[in-house]
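Colleague: Before we go through this model together, I would like to hear how each label is justified.
Modeller: Then let us take the labels one at a time, with the structure in view.

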Amino acid sequence: VHYDQCRHICELLGTTKSSEAAMLLQKMGAAMRAQGRLQEAVSTYQRALRKFEESGTMEGVHAAIVRRHLAMALGDLGDYEGANLELSNPLRFSSGVMLAGADALRSLGDLRWAAGDLTGAAECYERVLKVTDAHRLCDGPEPAAILWRIARVECARGQFRSAAERLERADSMFRSSGTDRTHEAAKAKTQLGVARLEQGHIDQALQCFLAAQDVFKAHGMSTCLDAAEIQARLGQAYFLKGALDSAEVQLTEAWDAHEAAGATRRPQAAEILRLQGDLERQRGSFQGALEKYDQAAEVFRDTGCCGNNSAIVALIHKGDVLFQQGSLASAMAVLQEAWQNCHEHQLDRTPLGADVLRRKGNIYRYRDEDEQALTVLFRAQGLYAVAGMEQTRDAAETLRLIANVRYQQGEHSAALAGYESAAATFRTLGMWESLAGADLQREIAAVLMKLGDCAGARAKLDEAWATHSRIGTTSSFEAAALLRHSARMDLFLGDGVAAALKIREARGLHDVLGTKRSSEFASLCLLDGEVAKETGHSEEAAGYFEEAHAIFESLDMSGSRCAMKARKGIKDEAMRSFKSIEDRMFDRSALLRIMQRIGVDLTSEQLDSILARASGQGARPHEAFLTWVYEGPPGELRQACCPAGRRETFFLVSGLSGARVSGMRLGYPEVPDLGAFRADSRPLPFPEGLKV
């Protein structure tokens, strides 16, 4: 308002074309930018430049200052090409020690930071420090503004300990100079909160974010983009604490501020999209999460910021969702892209690189590639240790995954020790009441059950479900996994009815989440088969085992322990069906009973042919039937008579499991290809040593 009054005075005095009037417009533009009115600010800066042009002072210092401010506004809008072009003129002052040139260098560093060029940003900031030293500004707000920016680069590189020390120093400099209630001081406080958050100190981070937010509110700047960034950080902190509703409020308001400013195509807006995707995933909306991650990736690509830390994190989290949906190959491809970006921007030896390695190790674990998994996970653990992040959530997650591998290897005591170490870190960080904390409780319950502590396991499962209820995640993927483990406990204790009810509930969650092709759902099918088996429903059990195996095979996990368990279930149920027939009668009624049991319809001629073969070989009717399947008739007729899933069962029973049936290779010794035999070929001898 005051600047507008000054502009009116200029009009009365007839000095609207002077450099003073142009600088007045620059100040008006700065106020607009602080309020988040970016398009208006850009227009005002451009009007100021036209006045410099009219007065013939475009090459002066004041015009360079306006260009710098215009560049920052364009950067806020995501127009980095235009921003760099505007900075080309002011940067000519940076070769000396003029503060205007230092400001231009600082702005260039900010642009390089936003684009993910950490080295370039750090070089600019170091050059600015030399200028402030030359002007003997060692303890004022000017060097403090550069210190927090250097610390921001250190945070991106995973150097959180040194970054926190530098940020504390900058905060002290702002206080001692009486400028701790300024815009720059609030941004430094925000960055200190980011460092604390990465170190796992969520409550300390919240205090920093709230203090910074209070400064912006006091100056009437609660709608500007820097204030929106604080809201995004608050949303992230609330998210990590499990306060999802509070997180949603902060993220929605941050996005609304970007929309109001017309700044939804900048990296900071993409970061909000990524955090909203995390929130969608936490609540079980995987499709919504993927849409948010893809929107964020599009913004990062359009602004040339694929090397930005947030861009890499968005890829990592997209890989997490694909993994939970069961698309292991797609998840690994996305993680490989994230790793390549880390490598290209020299981030592969940082905690961000460790985050990628941790996820890759988890995929190796699911594929039962235990040694590869441990190699990658130990490497990630080392990177966290180098960065001083041993007591962080990421380090605890790595411990948990290593414990998972130990659990798979049967080293249950070692697994429990790893889980307890991770749990101690979660409690220290105040994250026990979170989705990750609930999932960790589930895993502790599983290992306690293996160690024979059923009471302890049940207590952990109940505690985990209570946590899900308190934080509102009872419809999440993790909740479905918890239901499966709880159902397994019920089955172990002999309560098949309770187990079946929980399995039905878990199936419903997977249906809503769209995760019925995941390994978790396949494990649920396995459990469903076990429950059906225990309750005497053999046909249903075989169907569930076949469903589980089909999923494992589609995930390229046919050699995993779980897939082997599914195959064993198929074989056991098939043998159970045949074992009930102990007679060696060769009449038609006996064979019809077998055919009815396994659901296969044969013509009268086929029945006669099989009975004749059984009589000639001195075999049981079902043995003759298996020989018939193995030997012929022609493929199409055999396919019609024996559904694909059933044929697999027959081969499992007969010991001819090396054959490729329905695209399934089971890893047993090879046998001749079925297609090599004709319907009229001589009867083959039944496999030696066969026992049904």
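Colleague: Why is Cys155 called buried or exposed, as the case may be?
Modeller: This is a predicted model, and in it Cys155 has a relative accessibility of 8%; buried means under 20%, so Cys155 counts as buried.

Colleague: What makes Cys6 buried, exposed or partly exposed?
Modeller: The relative accessibility of Cys6 is 35%, and partly exposed covers what lies between under 20% and over 50%, so Cys6 is classed as partly exposed.

Colleague: How many disulfides does the structure hold?
Modeller: The structure holds zero disulfides, since the term requires a pair of cysteine sulfur atoms within 2.5 Å.

Colleague: How do you know whether Lys460 is buried or exposed, and what is it in contact with?
Modeller: Lys460, which sits in helix H23 (residues 454–471), has 17% relative accessibility, and because buried means under 20%, Lys460 counts as buried. Apart from neighbours within four places in sequence, Lys460 is in contact with Arg427, Trp432, Gln441, Ile444, Ala445 and Leu448.

Colleague: Why is Leu13 called buried or exposed, and where does it lie?
Modeller: Leu13 belongs to helix H1 (residues 2–13), and with 62% relative accessibility set against the cut-off of over 50%, Leu13 counts as exposed. Together with Ile9 and Leu12, Leu13 forms a nonpolar patch on the surface, whose accessible area is about 350 Å² in total.

Colleague: What span is expected of helix H20, and what does the model show?
Modeller: Helix H20 (residues 393–408) has 16 residues, and at 1.5 Å a residue the expected span is 22 Å; from its first C-alpha to its last the helix reaches 23 Å, which is close to that value. Gly410, with a positive phi near 85°, follows H20.

Colleague: Which residues of H20 are buried, and what covers them?
Modeller: The buried residues of H20 include Asp394, Glu397, Arg400, Leu401, Ile402 and Val405, and their cover includes helix H18 (351–366), helix H19 (370–386), helix H21 (412–428) and helix H22 (435–450).

Colleague: What can be said about the protein as a whole?
Modeller: Its secondary structure comes to 33 helices and zero strands, and 56% of its 692 residues count as buried. The protein exposes about 29,200 Å², of which carbon and sulfur atoms supply 51%. Among contacts with a separation of 6 or more, 62% are between residues 24 or more positions apart.

Technical notes
Residues numbered from 1 in each chain as written. Predicted model: local features only at pLDDT ≥ 70, side-chain atom pairs only at ≥ 80, totals over all residues. Heavy atoms only, no water. Patch = residues over 30% accessible without salt bridge, like charges linked within 9 Å, V, L, I, M, F, W, Y side chains within 5 Å. Areas by Shrake-Rupley, 256 points an atom, 1.4 Å probe, with all protein chains shown as cover. Salt bridge = Lys/Arg side-chain N within 4 Å of Asp/Glu carboxyl O. Helix = DSSP H or I, 4+ residues; strand = E, 2+ residues; numbered from the N terminus. Buried < 20%, exposed > 50% of the residue type's maximum accessible area, 1.4 Å probe, protein only. Contact = heavy atoms within 4.5 Å. Expected span 1.5 Å × (residues − 1).
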